[in-house]
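Me: Could you take a close look at one part of this model, the place where protein and nucleic acid meet, and go through it slowly for a first-year student?

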Amino acid sequence: MRYWLMKSEPDEVSFDDVLSAPGQTVAWFGVRNYQARNFMRDAMAVGDGVLFYHSSCAVPGVAGLAEIASGPYPDASQFDPASHYHDPKATQEAPRWISIDVRATEQGRYLPLAEMRAIPALEGMALLQKGSRLSISPVTRGEWDAIVKRLRARGA
DNA sequence: GCCAACGTTGGC
DNA sequence: GCCAACGTTGGC
């Protein structure tokens, strides 16, 4: 059982979108970075915990909890010439990019990035390191616990 | 819109 | 295989 942080632009797919999807499950598509892809392909397993993070928006932060709900399969958008994510070098025989299903499990209070920076337990978190841009990054058990605690905190 | 940091591309 | 140029990410 591992833990992950996955970034999504809420204008594209928000945590609310996942909550209202059938089975509260969506295909995670559009990853076009090899390191992030390799995490999906090689290290993720069904049932792993996911921090669903909103990026490139007014208040970036963790919007809710989710879990990995499938193994890897080819990302359909790479084959679609009309898609923003089209990859002309990808073929059906040799796909480059993969998707994985993600299922929303719990919505707590929203945890903004600015608040995360003030939590000592998160000091070493990959997301908070200078220059970190990876859309998928591993989260330690300690970081997971600290964030879940905040998501479940009463008030505010 | 700015800009720092990073990944990718392509000439050599 | 180096590395400069370019494109992208993403917080602010």
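Reply: A polar contact is a pair of N or O atoms within 3.5 Å; within protein, one of the two must be able to donate a hydrogen and the other to accept it, and residues adjacent in sequence count only if both atoms are side-chain atoms. This is a predicted model, in which local features need pLDDT of at least 70 and side-chain atom pairs count only at pLDDT 80 or more, while totals for chains, interfaces and linings use all residues. Residues are numbered from 1 along each chain as its sequence is written, chains are lettered from A and ligands numbered from 1 in the order in which they are written, and side-chain values use heavy atoms, with hydrogens and water left out.

Around DNA strand C we find K7, Y53, S55, S56, P60, L113, R117 and R133, where a residue is near a strand if one of its heavy atoms lies within 4 Å of it. Of the atoms of DNA strand C within 4 Å of the protein, 72% belong to sugar or phosphate, and the rest belong to bases. Phosphate oxygens of this strand are approached by a polar side-chain atom of Y53, at 2.9 Å, by a backbone N or O atom of S56, at 3.0 Å, and by a backbone N or O atom of R133, at 2.6 Å.

R133 is also listed around DNA strand B, together with Y34, K130 and G131. There, a polar side-chain atom of R133 lies 2.7 Å from a base oxygen of DNA strand B, whereas a polar side-chain atom of K130 lies 2.8 Å from a phosphate oxygen of that strand.
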